[in-house]
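Notebook open, charges on my mind today. I want to go through the charged side chains and jot down what each one pairs with.

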Amino acid sequence: MSKHSSTSVTVVGHSLGAALAVLDSVYLPLPAGMTFKTVEYGLPRVGNQAVANYVDANVHLTHINKEDPVPVLPGMFLGFVHPAGELHIPNSEEWVARPGQDNPSTECIVGDVPNIFESDESDHDGSYMARAHW
């Protein structure tokens with residue numbers, strides 16, 4: 001990074017790669033002054049409430065979900081929780097920023113896809129970036 005005078009790092013992942021990227025974002029040591037952000041697609045839940053709180057406090061995370069089954073796994077009944085930072089893409093294809101962790105609004109993955117039987121497996125394949133609003 002110093003060879004190229006880099007000042008920022010962006011970690012991107014999809015599905016299992018998204019889960020690994022969140023964990024990398026927590027543990028990756030960076031030099032002072034380096035900015036870091038994590039952008040994930042189809043992110044499954046990777047930890048309990050304590051992990052979600054830690055990610056919220058220490059990682060600049062955006063996770064983007066459609067009506068995909070993977071983001072509702074593993075189930076909340078097992079104690080797993082998403083960190084904040086969701087951009088949800090409901091059927092309207094409008095990108096909706098939702099506050100909080102596992103927000104139950106129907107404009108979020110938890111409310112829109114309460115279980116895998118109400119998901120659309122083809123949404124896991126993307127395309128997420130067709131209408132990106134960065």
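Started with arginine 45 and aspartate 102: their side chains form a salt bridge, N to O at 3.2 Å. This is a predicted model, so I'm reading that distance as a computed one. Next I looked up where the two partners sit. Arginine 45 is in the loop between strand S2 (35-41) and helix H2 (49-58), while aspartate 102 is in the loop between strand S5 (96-98) and H3, so the pair ties together parts 57 residues apart in sequence. Buried or exposed, these two, arginine 45 and aspartate 102? Both are buried.

How many salt bridges does the count come to? I get two. The other entry I pulled up is glutamate 107 with arginine 98, side chain to side chain, 3.0 Å from N to O. I checked the accessibility of glutamate 107 too: it comes out at 36% relative, so I'm noting it as partly exposed, the range between 20% and 50%.

Then I went to aspartate 112, which is part of helix H3 (residues 109-112). I found this one buried and without a salt bridge. Which side chain of opposite charge is nearest to aspartate 112? That's lysine 66, 10 Å away, and the salt-bridge cut-off is 4 Å, so the two don't pair by this rule.

What does the side chain of aspartate 112 have a polar contact with? I found histidine 88, at 2.9 Å side chain to side chain. Histidine 88 also shows up in the list of residues that aspartate 112 touches, along with Glu67, Pro90, Ser105 and Thr106, leaving out residues up to four places away in sequence.

Methods
Residues numbered from 1 in each chain as written. Predicted model: local features only at pLDDT ≥ 70, side-chain atom pairs only at ≥ 80, totals over all residues. Heavy atoms only, no water. Helix = DSSP H or I, 4+ residues; strand = E, 2+ residues; numbered from the N terminus. Buried < 20%, exposed > 50% of the residue type's maximum accessible area, 1.4 Å probe, protein only. Lys, Arg positive; Asp, Glu negative; His and termini not counted. Polar contact = N/O pair within 3.5 Å; in protein donor to acceptor, adjacent residues only side chain to side chain. Contact = heavy atoms within 4.5 Å.
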